[in-house]
Amino acid sequence: MTPLQVTGSPHLAGQDTTRQIMWAVVWSLVPVVVASVYAFGPSAALVLTASVAGAVLTERIFGKQGSLLDGTALITGLLLGLCLPAGLPMWMAALGAAAGVGLGKFVFGGLGQNVFNPALLGRAFLQAAFPVAMTTWPVRTGVSWWSLKGDNLAWPLMSAAPDAITGATPLGLLKFEQTHTPVIDLLLGQASGSAGEVGGVFILLGGGYLALRNCLNWRIPASIFLSVAALAFVFHWIDAARYPSVPFALFSGGLMLGAVYMATDPVTAPITNRGRWIFGIGIGVLVVLIRNWGGLPEGVVYAILIMNALVPFINRATQPRIFGTGLPDVDRRVAQ
Amino acid sequence: MFLSRLTFRHGVHPPEHKALTAGARIRRLPFPREVVLPVRQHAGKPARPIVKPGDRVERGDLVAEPDGWISSPIHASVSGRVVSVGLWPHPDGTHDTAIRIEAEPYSAQLPRPRIVPDWRALSPKELVEAVRDAGVVGLGGAAFPTHVKLSPPQDMPVTLLLINGCECEPYLTTDHRSMVEYPERVHLGVRIMMRCLGVSKAIIGVERNKPDAIAALTATCPGDCDIRVQPLDVKYPQGAEKMLIQAVMGVEVPSGKLPGHVGVLVQNAASVATIAEVFETGLPLIERIVTVTGRGIRRPSNLIVPVGTKLGDLLEACGGMTPDAREIVFGGPMMGASQANLDTPLTKGTTGVVVLSKAECRTQAAEACIKCGRCLDACPVFLNPQHLGKLAKAGRYDEMTAWHLNDCMVCGCCSYVCPSNIPLSQQFQAAKVAIRQRKAVA
């Protein structure tokens, strides 16, 4: 007979655990990973491996006993790998992931304490440290699937051999050359870009699965998509040559990955549902602002990071109304 | 707007597990050899014992008298001899004064012949007095003295009597079986209460997972007065007064106020049946219906149990515990209290005894909060349990009051949904106790 336990109520626990939620996110990313490897060949696999290794190793060094099993380091590694150019040297990917987990998470005190999404912080770090390598986008068409799409195997701190065929991303083409890429190319992953940008449809499917399982709050991607679509519609209507159409705006760049997988990181998003709407709309507006008038062709990373910083204020401004207060009929009864 | 939905906002849907006992007819437990009657079985001041060791008492005799208005008398639940009056384990985990009565062997346990009052001939005031003298308290768990509820203040008249037949706690089927097996008794109790209060309208709210109870109550609905059976959506904690009022009437009781503020009185269905029993048999509240259930007990049952029966005797009568039994809870598993001692007696407010097996109870350790916000979506009074939990962990109790800790009814929804298994509800209960103690010292 096992000894009886005495605990405070409630004595039942709900179905999901944090660990299960995190692993559900990992599993939902598998199709996206497969799509990116299918699109960019062994290079994408190498970059993803390096990024995951960097994140997991950092977690192992700084994390608590057993914290690897919660899957969060794996998610950070995968997400960072998916928003890097496939031709990036592996050591850079690993360094970025280490910076993301180390500076983005453990400096703040570990899981649940961080202000910024670790994967995005890692990407911002790489963008600042290696601006050339981070904007060297491999081209998919006209090269063998088996060929490396860049100098993935470069030694650390050596300059990469610039022999890969590269090209601008659809957003870069639009910004700097006013060339429109057909939306169908974006959907089918025919355009160049980061490893994960080619799997927009799979990202949506994965996000839908997570939202149905209540592992992801649908309000955040919904508000980002709605605000980006609304603004894109207005600008495209004003000047169709300069500003992209709605489907282009939604499926180009890192918007899908950012909206579905990075902005929804519960730790760095608002906790109230009203706050989540504000957060998502803020991201959408910032993305359009940066894309249309900023110096960079893409703005998802900075839009999410900026809104991450505003989360405490959003939370404070959107606290729920307490039951039995703040309603006209309720207040009248109190006054009586 | 919410009237059409017939439920409240937020809340949770824990697995019900009611099938274990939902179809089990109420049986009578054989009289135990000894009963223990704590003087504190109700909200308010503890009763004052009026017997001493060696006294002989009969079933139904007064053994402790009420101390003041918000208090309730206690009656002997078996005929026998008082063994001692002193400290004994109490269901809340402490030790408290209790009257131990050893049952007479070979006694027929028949109460003294008594005059059963005709409730129609009594005035509302006399009815309330009779209810008080019978020691009737709410049987839903909080055990608030019923006579106090039946005497609302002059400036806050009751216009609607709301009977709580939700039984939203998982596992429990006490109210359910009472409504199925004694629907006439429930209706009679409602009538008596309506007469006490002078109200003309009563609604019995029953969740839709008890179709047999809804059918039984509807079939026996008296034609001559306005009693309506209202099916409700299934959700926890719908049996909480404020949630039930929101579900049935679509209004929110103001924060910090009682249901009387909106002209409603809520009473649990089993308690209503008990009031009727008092005027049917003349006996005070000396036994109650208890669900003994969970995967950790061999024979889950619904039992009529003398108040004061010791936990160990009750478990034995239900076939004993299984080898994997892990936790014994008085009340439902969402709000009930864990028991550490098999000598602890059942009181008037014990709705059930749930013996949880290892697979059923929570065993994981707490992890870091990932701010998923599920607790905010679960809280039926719209608090921010995530922030309150952070404050509780840091011991910042004064700030917790500013974040409306007082509106928390410790229903346990936040802890239940938390994927990181953070004991939020438990921390809030501890904070409430700490704040109360601090106030008492100051």
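A residue is called buried here if 20 or more other C-beta atoms lie within 10 Å of its own. The model on display is predicted, and the tour below moves from one helix of chain A to the whole of chain B and then to the contact between the two chains.

**First stop: helix 14 of chain A**

Select residues 300-317 of chain A, which form helix 14. This helix has 18 residues and reaches 24 Å from its first C-alpha to its last, close to the 26 Å expected at 1.5 Å a residue. Next, centre the view on Leu310(A), where helix 14 of chain A bends by about 50 degrees. A proline, Pro312(A), follows within four residues of the bend.

Now display the side chains of the buried residues of this helix. Towards its start they include Val300(A), Val301(A), Ala303(A), Ile304(A) and Leu305(A). Further along, Met307(A), Asn308(A), Val311(A), Ile314(A) and Asn315(A) are also buried. To see what these residues pack against, add helix 5 (118-129), helix 12 (255-262) and helix 13 (273-293) of chain A to the selection.

**Second stop: chain B as a whole**

Hide chain A and colour chain B by secondary structure; 13 helices and 17 strands appear in chain B. The radius of gyration of chain B is 21 Å, close to the 22 Å that the globule rule gives for 442 residues, so chain B is as compact as a globular protein of that length. Rotating the C-alpha trace of chain B onto its principal axes shows a span of about 65 × 50 × 50 Å.

Of the 442 residues in chain B, 56% count as buried. Among contacts in chain B with a separation of 6 or more, 73% join residues 24 or more positions apart.

**Third stop: the two domains of chain B**

Colour domain 1 (1-29 + 116-363) and domain 2 (374-441) of chain B separately, following the domain assignment. Their C-alpha centres lie 26 Å apart. Where they meet, 14 residues from domain 1 of chain B and 14 residues from domain 2 of chain B take part in the contact. The domain 1 side has 9 nonpolar, 4 polar and 1 charged residues.

**Final stop: where chain A meets chain B**

Bring chain A back and select the contact between the chains: 36 residues of chain A touch 55 residues of chain B. On the chain A side, helix 1 (18-40) and helix 15 (328-335) each supply at least two residues. Helix 15 of chain A gives the most, with 4 residues. Coloured by class, the chain A side divides into 17 nonpolar, 15 polar and 4 charged residues.

Note on methods
Residues are numbered from 1 along each chain as its sequence is written. Chains are lettered from A and ligands numbered from 1 in the order in which they are written. This is a predicted model: local features need pLDDT of at least 70, side-chain atom pairs count only at pLDDT 80 or more; totals for chains, interfaces and linings use all residues. The expected span of a helix is 1.5 Å times one less than its number of residues. The bend at a residue is the angle between axes fitted to the seven residues ending there and the seven starting there. A residue is buried if 20 or more other C-beta atoms lie within 10 Å of its own, exposed if 12 or fewer, and partly exposed in between; C-beta atoms are placed from the backbone. Two residues are in contact if their C-beta atoms, placed from the backbone, lie within 7 Å. The radius of gyration is taken over C-alpha atoms; the globule rule is 2.2 Å times the number of residues to the power 0.38. Domain bounds come from an automatic or database domain assignment. Ala, Val, Leu, Ile, Met, Phe, Trp, Tyr, Cys and Pro count as nonpolar, Asp, Glu, Lys and Arg as charged, and the others, Gly among them, as polar.
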